[in-house]
Amino acid sequence: MAKRDLINITDLDLDELDRLLALASDIIESPEKYQDKCAHKTLATLFYEPSTRTRLSFESAMYGLGGNVVGFSDANSSSASKGETVSDTTRVMECFADIIAMRHPKEGAALVAANSCDVPVINAGDGGHLHPSQTLTDLLTILRNKGRLTDLKVGFCGDLKFGRTVHSLILALLRYKGIEVVLISPDELKLPSYNKDAMDDAGIKWVETTSLEEALPELDVLYMTRVQKERFFNEEDYVRLKDTYILDEQKLESAKDDLVIMHPLPRVNEISVEVDKDPRAKYFDQVKNGRYARMALILMLLGIEGGLN
């Protein structure tokens, strides 16, 4: 089987996406069937940027498949602190591992890594660009709660400019029929033009608004995001924008009873903790789903279970 990487969610065609989500669902239902599928296989986690959910989700996924994990969680604890390039680090790590998951603050770093080695590379987030494994998590969460990935009105709220999870999820959703997108953000944090162009090319209906309250009653899915302090060069701009949107129970009174509320986490205060008890809040389920989506991804990239062709 030819080597496959996951750098952009568009690296998977629609059939591959559906097969991967079906595999993840089967892992949820019958985890014991998969507990030894990656015995004697090793995942390398190369995390040049802080991460809780994504890194531990990948590690938990590999352990859940019976495999091993090596890697680093801080660039300062690797030879990157001595000036080693991404390309060289990747070539070294492929000597120890069968598959690599990498997070890096620079856009395109995962592609450099993939082009430098002969084992599969997964983009675990490259700057404010893309985050395809989170997209698999998000699609699985929508599917398991709505029963479909078609005919949905999805609202994205908050930092749409730097929100790599938003960029990736939109690129995935535009391949499903009947999707409408509502972009809710301040003017300074609007969605990049390349995502809008992609929606236009796919014939997706989309609108922009600054009002969460006006958009909320029509939504089937609400995808909240935090304003990311680490992406700002000016602290004053961050302070001015960070509390633009705060979802609370009062705002949710106008929302649909079967709304699915999602957030890639971590949150700061854009979702009030009172919402956690609302049955529509699914962001902690997202975290759990992330483990299973990544288990399915590892299996398919390694060609162990329904390999990607």
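**Contacts, burial and sheet order in a predicted model**

User: Which residues does aspartate 278 touch, not counting those up to four places away in sequence?
Analyst: This is a predicted model: local features need pLDDT of at least 70, side-chain atom pairs pLDDT 80 or more, while totals for chains, interfaces and linings use all residues. Residues are numbered from 1 along each chain as its sequence is written, and side-chain values use heavy atoms, without hydrogens and water. Aspartate 278 lies in the loop between β9 and α11. With contact taken as heavy atoms within 4.5 Å, the residues it touches beyond that sequence window are Glu249 and Leu252.

User: Is aspartate 278 buried or exposed?
Analyst: The side chain of aspartate 278 reaches the backbone nitrogen of arginine 280 at 2.8 Å. Buried means under 20% relative accessible area and exposed over 50%, with partly exposed in between (1.4 Å probe, protein chains only). Aspartate 278 has a relative accessible area of 9%, so it is buried.

User: What is the strand order of the open sheet of five strands?
Analyst: Its edge strands are β7 (205–209) and β9 (260–262), each pairing on one side only. Strands β5 (residues 153–157) and β6 (residues 180–184) pair in the parallel sense over five bridges; pairing requires at least two DSSP bridges. Strands are DSSP E runs of at least two residues, and helices are H or I runs of at least four, numbered from the N terminus. The order is β7-β6-β5-β8-β9.

User: Which residue in β6 is the bridge partner of cysteine 157?
Analyst: Strand β5 spans residues 153–157 and pairs with β6. In β6, the partner of cysteine 157 is isoleucine 184.

User: What separates the C-alpha atoms of glutamine 134 and arginine 294?
Analyst: Glutamine 134 lies in helix α5 and is buried, because its relative accessibility is 7%. Leaving out residues up to four places away in sequence, glutamine 134 touches Thr165, Tyr223, Pro264, Gln286 and Arg294. Glutamine 134 and arginine 294 are 160 residues apart along the chain, yet their C-alpha atoms are separated by 8.8 Å.

User: Which helix gives the most residues to the largest nonpolar core?
Analyst: A nonpolar core joins buried Ala, Val, Leu, Ile, Met, Phe, Trp, Tyr and Cys residues through side-chain atoms within 4.5 Å. The largest one has 60 residues, with Ile27, Phe58 and Leu136 among those with the most contacts inside it. Contributing nine residues, the helix that gives the most is α11.

User: How many residues does the second, separate core have?
Analyst: This core includes Leu212, Tyr245, Leu259 and Tyr283. Its residue count is 19.

Definitions and conventions:
Polar contact = N/O pair within 3.5 Å; in protein donor to acceptor, adjacent residues only side chain to side chain.
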